Amino acid sequence: MSPEAALARVRQAGFSGDYACALVCGTGLGALVEGIEAPRTLPYAEIPGFPPPGVSGHAGRLHEGRIAGRAVLVFEGRSHAYERGDPAAMRRPLALAAALGTKALLLTNAAGSLMPQAGPGGLVALSDHLNLSGMNPLIGEPSDGRFVPMVDAYDPALRATLQEAARACGLSLPEGVYAWFSGPSFETPAEIRMAGRLGADLVGMSTVPEAILARFLGLRVAAVSVVTNFAAGFGAGDPHHAETKAVAARAGADLARLVAAFVARLPAP
């Protein structure tokens, strides 16, 4: 299925392009779409080549509209590498965002924390990541574009904008390094101890392949984790998916305020 088919379908549905930002909603964070003004919605199932999300808490809908008066493209739900063994599962959606003229991408996720100052319900901006999965979404890509530089993968200017937005909202937004484990099983306490010694502040099962793909596609990237639990063996950490969804939903209001303040500070496309 060609990328042009997906672009033609969303154009047919009235998606206009030239968005200030594209946003990927993580587990339990679909409430972000409630703040979209004048939304237009298209199910992933109607877009050629889009992977259907296979995880509860991921609705599988594409939206456009306005947040803080700026045009945005919102992916309500993502496909994970662990669903079908494909780390490039989000390549088609992100390629569509780039084809529609989007320059900035804000990734969100639910994560486990190794940071005592960032417990359940807290927000953390990503400063860097560790790929501990053994996978990469660009394996098999034939062009030299596959050799993507990953210094400042999480754009310093966008991170500064996130911090400015957090201050304006009165929110604490520490920064941390996110470690990607393949999932779908949660990490063991021994794996968490290893990740901590390697420099991880957060752990999760998404985001890193999307950041790699986004840089390959020429998108600037920022990312925010909603802490839903302490990681396994860290304090009382004993993560469960139901807990992940519940805590993410409760933290959704703070994330929505942060996103609105962030988008308002982005340059017009």
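Good morning. A salt bridge here is a side-chain nitrogen of Lys or Arg within 4 Å of a carboxyl oxygen of Asp or Glu. The structure before you is a predicted model, and by that rule it holds 10 salt bridges. I shall present three of them, including their place in the fold.

I begin with Glu141 and Arg91, whose closest N and O atoms are 2.9 Å apart. Glu141 sits in the loop between strand 6 (123–131) and helix 4 (156–169), while Arg91 belongs to helix 3 (residues 91–99), so this salt bridge ties together parts that are 50 residues apart in sequence. Glu141 counts as buried, because its relative accessibility of 10% falls under the 20% limit. Arg91, at 28% relative accessibility, is partly exposed.

The second pair is Arg159 with Glu175, a salt bridge of 2.8 Å from N to O. Here helix 4 supplies Arg159 and strand 7 (residues 175–180) supplies Glu175, so parts 16 residues apart in sequence are tied together. Arg159 is buried, with a relative accessible area of 16%, whereas Glu175 is partly exposed at 30% relative accessibility.

My third pair joins the side chains of Glu164 and Arg265, at 3.3 Å from N to O. Glu164 lies in helix 4 and Arg265 in the segment after helix 7 (241–264); the contact therefore ties together parts that are 101 residues apart in sequence. How accessible is Glu164? Glu164 counts as partly exposed, at 39% relative accessibility. Arg265 likewise counts as partly exposed, with a value of 34%.

To close, I would draw your attention to helix 4, which holds Arg159 of the second pair and Glu164 of the third. Thank you.

Terms used
Residues numbered from 1 in each chain as written. Predicted model: local features only at pLDDT ≥ 70, side-chain atom pairs only at ≥ 80, totals over all residues. Heavy atoms only, no water. Helix = DSSP H or I, 4+ residues; strand = E, 2+ residues; numbered from the N terminus. Buried < 20%, exposed > 50% of the residue type's maximum accessible area, 1.4 Å probe, protein only.
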